[in-house]
Amino acid sequence: MKLDPQEIVRANEYIENNGLRVTHFRYYNLDGTYQNKGGMTVVWKDSKPGRLFTISTALCNESDIFSRNIGRVLAVQNYEQGHRVQLMKSNFHTAYETICQLFLIEV
């Protein structure tokens, strides 16, 4: 997938203007290095402890090479289009830690 550079700029502006956070998750090889294919990008709007926060994701097929830019743009588009899920943030975990626990990623 090829992106228009203006779409990358627009997505980054949307993230900044709406107070969103972004993280990327990739798979590891047995030797501890990142795999080039597959992965996931998550955008979220943080909240106070004990409150709901909203996330949206973009998944990269395991046969495609992972791109942070494509993941960010697609996750933002999903967020804008209302493809969102709300999660509860505990008093003891950050939103990032909650996302990692949900997707079984060690922090």
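So, how many aromatic pairs does the structure hold? Four is the count, and I'll walk you through two of them. Before that, please keep in mind that this is a predicted model.

Okay, the first pair I want to show is Phe25 with Tyr96. These two rings are stacked, with 6.3 Å centre to centre and 20° between the planes. What I like here is that the pair links distant parts of the chain: Phe25 belongs to strand β1, residues 20-25, while Tyr96 belongs to helix α3, residues 95-102, and they are 71 residues apart. Is Phe25 buried or exposed? Phe25 counts as buried, because its relative accessibility is 8% and the cut-off for buried is under 20%. Tyr96, on the other hand, is partly exposed, with a relative accessible area of 33%.

Now stay on Tyr96, which also pairs with Trp44. That pair is tilted: 6.4 Å centre to centre, 35° between the planes. Again we're linking distant parts of the chain, this time from Trp44 in strand β2, residues 37-45, to Tyr96 in α3, 52 residues apart. Trp44 counts as buried too, at 1% relative accessibility. Put those together and you get one aromatic cluster, made of Phe25, Trp44 and Tyr96.

While we're on rings, have a look at Tyr79. Which charged end sits over the Tyr79 ring? That would be Arg84, 4.2 Å from the ring centre.

Right, on to the sheet. Four strands make an open sheet, and the order is β1-β2-β3-β4 with antiparallel pairing. At the edges you have β1 and β4, the latter being 85-88, and each of them pairs on one side only. From one strand to the next, the twist averages 30°.

Let's go across strand by strand. Between β1 and β2, running antiparallel, there are six bridges. Val22, for instance, has Val43 in β2 as its bridge partner. Carry on from Val43 and the bridge partner in β3 is Ser56. How many bridges join β2 to β3? Eight, with β3 covering residues 52-65 and the two strands antiparallel. β2 and β3 also form a hairpin, with six residues between them, and if you look in the turn you'll find Gly50 with a positive phi of about 80°. Then comes the last step, from β3 to β4: four bridges, antiparallel again. There, Phe53 stands opposite Leu87 in β4.

Last stop, helix α1, which is residues 5-17. A quick sanity check on the geometry: at 1.5 Å a residue, 13 residues should span 18 Å, and the end C-alpha atoms are 18 Å apart, so that agrees.

Which residues of α1 are buried? They are Glu7, Ile8, Ala11, Tyr14 and Ile15. These cover an arc of only 125° around the axis, which means they sit on the same side of α1. And why would a spacing like that line up? An α-helix has 3.6 residues a turn, so residues three or four places apart point the same way. Now turn the helix around: on the face away from the buried side of α1 you find the exposed residues Pro5, Gln6, Glu16 and Asn17.

That's my tour, from the rings to the sheet to the helix. Happy to go back to any of the views.

Definitions and conventions. Residues numbered from 1 in each chain as written. Predicted model: local features only at pLDDT ≥ 70, side-chain atom pairs only at ≥ 80, totals over all residues. Heavy atoms only, no water. Phe/Tyr/Trp six-rings, centres within 6.5 Å; stacked < 30°, edge-to-face > 60°. Buried < 20%, exposed > 50% of the residue type's maximum accessible area, 1.4 Å probe, protein only. Lys NZ or Arg CZ within 6 Å of the ring centre and 35° of its normal. Pairing = 2+ DSSP bridges. Axes fitted to C-alpha atoms, helices over the stretch in contact; angles between N-to-C directions. Expected span 1.5 Å × (residues − 1). Arc of directions from axis to C-beta.
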